[in-house]
Amino acid sequence: MVQGGINLSETFKLTKNQCSFSPNSRFIANASQFRLVIREFETLQIVTVLTCIDSIDQIAWSPNSKMVLTCCHKRGISQLWSLFDSKCLSKLDEGSSGLADALWCPDSKQILTWCEFGVRINVWSLHQKRVSYIQNPILKSSGCVFHKGQAIVLERREKQESISVFDYKDWKLISNFTIGTEEAASCHVVNNHVLVCDSRFNPQYFVYTLSGDCVTHGTLYPTGLGIKCVQQSPTEQFVALGCYDGTCKLVNSVSWSILGTLKQAPEDIVVEKTVTYKEEKSDSGSRFAIVTDPVTPPVVKGNHEDKYILVGVGLVRFSPSGRYLATRSDSSPHLIWVWDISTLSLCAVVWFLAPVIGMDWSCGREGVETLAATTNGDHVYLWSCEGVLAVKVPNCSTLNGAGELGPVRSVHWAPKGNCLALKGDYHYCLCYFPSYQE
């Protein structure tokens, strides 16, 4: 099916949102109950169908794209598969400790698995056939970062939160140091420094060298909730902090000072200065018109039970070059704000008819960066500096119909940017861009 040069594939079965492109952009794997189906994503021909011991909860490609790991959390077992062999290469059994998460090492020779309740991390060496242990991790895989042959892990030692730096070739401890967080929520390596953000109830962040020296720490605002989301730019020059006060703080990773505060108040939109697109219904689906009159986008108000969810900036995404930053405030979820980082100015606002629930960037043809977004409906939206396109996706009318995609819940680009995966609750399809092909 072709819509304005965009091709949509047929739908395929999907379980637990587990659908993932291989790092080399050649294959796509998806879980269908206890089966793992691997296809060449350009032709959609099936490469292999692998039968697991139980329903698949997690898929993880090896960095070299030669192997794939399937995790059955309730059984506490992970299975390792080769791409062109239907026999299981290895079974990793966590026993009574349970399985909560899994992550590949960059060398594709080791696998980290997290036991339930933060008991420990198991490091499985595929070549040496041995297991190492890291006790009391604070977080799951989000608390482990790889950087230049080292693994930086958030863990708890002697009832204090700390960072351990390992050489991941042999897992020898290089350094361990205590950090100032009360309940660390995220860990990032930026510009050879470790950035640690505190819990959502504490708006603090700390920056350390890999040897343990505290470079700086800051409090974003005196009172209120903490940091809601974090993303570093691909160039590692900046870090974007989505905050509960409705702003996005842009931090310089050299001086570690706040470079700018990006406010997202709908009443502050000036259509004479910022290109503002508004979605409108048409006979053929949706289209976008440029707004010329003052706008009053809707603001969502939460009740006392879930108010913290409906405030603050909950989505931040840098474009592949780091030039643009897309943000979405949870109190005005119908809007995507696109910022030009080179000038710290708002370059576009996109106003949707329904709340935005997911977005992802890709660098496509001739370096044009494209932002894909979904609003849990029957359209996928594409923004670039050239404008906004609404693509109607067929088979979205029902949620559980046979062969129906259902509402598009999430969107994910292939690493090379020429294909977009559209995921529903029980099915997925692929959206191809012929003009993006190499």
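The exercises below deal with aromatic contacts, charges over rings and one sheet.

The model is predicted, so local features need pLDDT of at least 70 and side-chain atom pairs count only at pLDDT 80 or more, while totals for chains, interfaces and linings use all residues. Residues are numbered from 1 along each chain as its sequence is written, and side-chain values use heavy atoms, with hydrogens and water left out.

**Exercise 1.** Classify the ring pair Phe 21 and Phe 41, and place it in the chain.

Solution. Rings of Phe, Tyr and Trp (its six-membered ring) pair if their centres lie within 6.5 Å; planes under 30 degrees apart count as stacked, over 60 as edge-to-face and the rest as tilted. The structure holds 16 aromatic pairs. In this one, the ring centres of Phe 21 and Phe 41 are 5.5 Å apart and the planes stand at 80°, so the pair is edge-to-face. Next, the location: Phe 21 belongs to strand E4 (residues 19-21), and Phe 41 to the loop between strand E6 (35-40) and strand E7 (46-51), 20 residues apart. Strands (E, at least two residues) are DSSP runs, numbered from the N terminus. Then burial, where buried means under 20% relative accessible area, exposed over 50% and partly exposed in between (1.4 Å probe, protein chains only). Phe 21 has 10% relative accessibility and counts as buried; Phe 41 is buried at 1%. Finally, Phe 21, Phe 41 and Tyr 432 form one aromatic cluster.

**Exercise 2.** Do the same for Tyr 324 and Trp 383.

Solution. The ring centres of Tyr 324 and Trp 383 are 5.6 Å apart with planes at 85°, so this pair is edge-to-face. Tyr 324 lies in strand E31 (residues 324-329) and Trp 383 in strand E36 (residues 379-384), so the pair ties together parts 59 residues apart in sequence. Both Tyr 324 and Trp 383 are buried.

**Exercise 3.** Which rings have the charged end of Arg 39 or Lys 278 over them?

Solution. The criterion is NZ of Lys or CZ of Arg within 6 Å of the ring centre and within 35 degrees of the ring normal. Arg 39 sits over Phe 12, 3.9 Å from the ring centre. Lys 278 sits over Trp 351, 4.4 Å from the ring centre.

**Exercise 4.** Describe the sheet that holds strand E33.

Solution. Two strands pair if DSSP finds at least two bridges between them. The sheet is open, with 6 strands in the order E29-E28-E33-E32-E31-E30 and mixed pairing. Strands E29 (285-290) and E30 (313-318) each have a single partner strand, so one side of each is left without a neighbour in the sheet. Within the sheet, E32 (residues 335-340) and E33 (residues 345-351) pair in the antiparallel sense over 6 bridges. Trp 339 has Leu 346 in E33 as its bridge partner.

Note on methods. Helix = DSSP H or I, 4+ residues; strand = E, 2+ residues; numbered from the N terminus.
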